[in-house]
Amino acid sequence: MLAASRDPIVAIATAPGRGAVGIVRVSGAGLAPFVSALLGRSLKVREATYLPFPDAAGQPIDHGLALWFPGPHSYTGEDVLELQGHGGPVVLQLLVARCLEAAQTVGSDGQSLLRGLRPARAGEFTERAFLNDKLDLAQAEAVADLIDASTEAAARSASRSLAGVFSERIHALRDALVTLRMLVEATLDFPEEEIDFLQKADAEGQLARLQTAVAEVQSQARQGALLRNGLKVVIAGQPNAGKSSLLNALAGAELAIVTPIAGTTRDVVQQTIQIEGVPLHVVDTAGLREGVDLDEVEKIGIQRAWSQIEGADAVLFLHDLTRNDASDYRAADAAIAAALPVGVPVLQVWSKLDLCNPQRKATDPDGLPASEVAVSSTNGEGIEALRQQLLALAGWQHSGDGLFMARERHLQALRQVATHLEGAHSRLQAQAEQLDLLAEELRLALESLRGITGAFSADDLLGEIFSRFCIGK
């Protein structure tokens, strides 16, 4: 899947659509003759030059800036040419077509100036940056994460990963693991002294410190993954429990229609909000109920509501404080609770706090349990407490500005490292009888760790990662 060929590539590097500025990027080896043929002149290195971009007949397609980055001092590590013109899609397509045409120009040696120039695949520029050691794999993934960041905190964390903060943490773990592994491997050459040798070198202490360091990185990586992926939160409950009002209160905008009529919401309404930089994908659903009087549209809405609940990271189960005294209402709530999927965290939320008497408020000793939240979507009472409960449910910790972006792939690799280190600890306790197994556990831990930055990554994994990038990146 990886680009085994080193064909030169070209693509529009800016987002589709119209804009003030658009960029066409070319990357490959030996671009200098092509640049001169394309633009009719040579360019100064890393200096913006304003000039016309001519077609084959010498007539300008556009006027703009050209930048020339000879390899290896470029984004991809190859020669790179960037043409920055006006951001109309037709103009940019004409520039790409002209680059492909100019590449076929025959040089003095009878060969085309840039043989094999082709449109780039999604993510191929960053893929080449990785293959040419300009970025490691974690940094390359951070490029896409920075582009896709949905909150300021996510963008800053992705920027830190791109700058190498995450990679530095992984490299520090790798160095400590290599040191410990070399120590254990050395003892296998001197079996008569291996126990004393490991004790004097404090192998057990080194392993314990390494396990602690891995746990710290795991904790930060989980926070980074939360910033990247966010949390899907589904608001569920009976009709007219205040679900749409709660969505509007959390979002701070009138997104969903709110009326006193039960069953107003018939379809799924979703809005991404952020709480302390954490993206939460909040989903309002149709009221859940059973009965023979349901029309076809409401039945479909309820089916979609349950489908959303099945795929939720967390459910806000909304109860109406003004109706909780009715036995039939409590029975319906109990039926919904029994049908909620096992394993999905559920936060009990009591709505319409402003409409009930003071004895029913959460602050009353005989009121709600401390683990539940009472809110008023009308006056905002309890909304901030609900936001904090959501953060706690997501597992968010206030870690300051030191977070880096992480993906599920990274979390899985770190879990494997922790598992192998735990296995190594058990082998170390067994002393000489299992030193060869101890060495193997450390080797497997090191391989999992190196996979994060791309030292041991299969081609199909790399192809999957870079195929999710945008064209031109």
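Hi everyone. Buried residues make up 46% of the 473 residues in this protein. Keep in mind that what we have on the screen is a predicted model. Its secondary structure comes to 15 helices and twelve strands. If you take the contacts with a sequence separation of 6 or more, 68% of them are between residues 24 or more positions apart.

Let's begin with helix α1, which covers residues 32–39. Which residues of α1 are buried? They are Phe-34, Val-35, Leu-38 and Leu-39. Looking down the axis of α1, you would see these buried residues fall within an arc of 110°, so they line one face of the helix. And what do they pack against? The partners are four strands, namely β2 (19–28), β3 (49–54), β4 (60–69) and β5 (79–87), together with helix α2 (89–103). Right after α1 comes Gly-40, with a positive phi near 75°.

Two of those α1 residues turn up again in our next topic, the cavity. The structure holds one cavity of 30 Å³ or more, and the space in the largest cavity is about 30 Å³. In case you wonder how one finds such a thing, rolling a probe the size of a water molecule over the atoms shows where empty space is left. Which residues line the largest cavity? Leu-38 and Leu-39 are there, along with Phe-53, Pro-54, Leu-83, Leu-95, Arg-98 and Cys-99. The elements giving two or more residues to this lining are α1, β3 and α2, and α2 gives the most, with three residues. By residue type, the lining divides into seven nonpolar, no polar and one charged.

Now let's move along to helix α3, residues 124–131. This helix is mostly covered, with seven of its eight residues buried. The buried ones are Glu-124, Phe-125, Thr-126, Glu-127, Arg-128, Ala-129 and Phe-130. After α3 we meet Asp-133, which has a positive phi near 65°.

That brings me to the backbone. Most residues other than glycine have a negative phi, and most peptide bonds are trans. With that in mind, have a look at Arg-46, which is not a glycine and yet has a positive phi of about 50°. You can find Arg-46 in the loop between α1 and β3. Asn-240 is not a glycine either, and its phi is positive too, at about 65°. Asn-240 sits in the loop between β7 (231–237) and α9 (243–251). Is Asn-240 buried or exposed? In fact it counts as partly exposed, because its relative accessibility is 29%. For a peptide bond that is cis, go to the one from Gly-71 to Pro-72, where omega is near 5°. Pro-72 belongs to the loop between β4 and β5.

Next come the aromatic rings. How many aromatic pairs does the structure hold? There is one, formed by Phe-166 and Phe-404. The pair is stacked, with 4.5 Å centre to centre and 15° between the planes. Phe-166 lies in helix α6 (residues 165–187), while Phe-404 lies in the loop between α12 (383–394) and α13 (408–429), so the pair ties together parts that are 238 residues apart in sequence. Phe-166 is buried, with a relative accessible area of 1%, and Phe-404 counts as buried too, at 0% relative accessibility.

To finish, let's visit helix α10, residues 296–310, and pick out two of its residues. Ile-302 is in this helix and is buried, with a relative accessible area of 8%. What does Ile-302 touch, not counting residues up to four places away in sequence? The list is Ala-286, Gly-287, Leu-288, Arg-289 and Leu-294. Take Arg-289 from that list: Ile-302 and Arg-289 are 13 residues apart in sequence and 7.8 Å apart in space, C-alpha to C-alpha.

The other residue is Gln-308, also in α10. Why does Gln-308 count as buried? Its relative accessibility is 19%, and the cut-off for buried is under 20%. Leaving aside neighbours within four places in sequence, Gln-308 is in contact with Lys-232, Val-234, Val-268, Val-283 and Thr-285. Lys-232 and Val-234 are good ones to look up on the screen if you want to trace those contacts yourselves. Thanks for listening!

Notes:
Residues are numbered from 1 along each chain as its sequence is written. This is a predicted model: local features need pLDDT of at least 70, side-chain atom pairs count only at pLDDT 80 or more; totals for chains, interfaces and linings use all residues. Side-chain values use heavy atoms; hydrogens and water are left out. Buried means under 20% relative accessible area, exposed over 50%, partly exposed in between (1.4 Å probe, protein chains only). The arc is that of the directions from the helix axis to the C-beta atoms. Contact means heavy atoms within 4.5 Å. On a 1 Å grid over the protein atoms alone, a cavity is a set of points where a 1.4 Å probe fits but cannot get out, and a pocket is an open set with protein on both sides within 12 Å along at least five of seven lines; lining residues have an atom within 4 Å of a point. Grid points are joined across faces, edges and corners, and a volume is the space filled by probe spheres set on the points. Ala, Val, Leu, Ile, Met, Phe, Trp, Tyr, Cys and Pro count as nonpolar, Asp, Glu, Lys and Arg as charged, and the others, Gly among them, as polar. Rings of Phe, Tyr and Trp (its six-membered ring) pair if their centres lie within 6.5 Å; planes under 30 degrees apart count as stacked, over 60 as edge-to-face and the rest as tilted.
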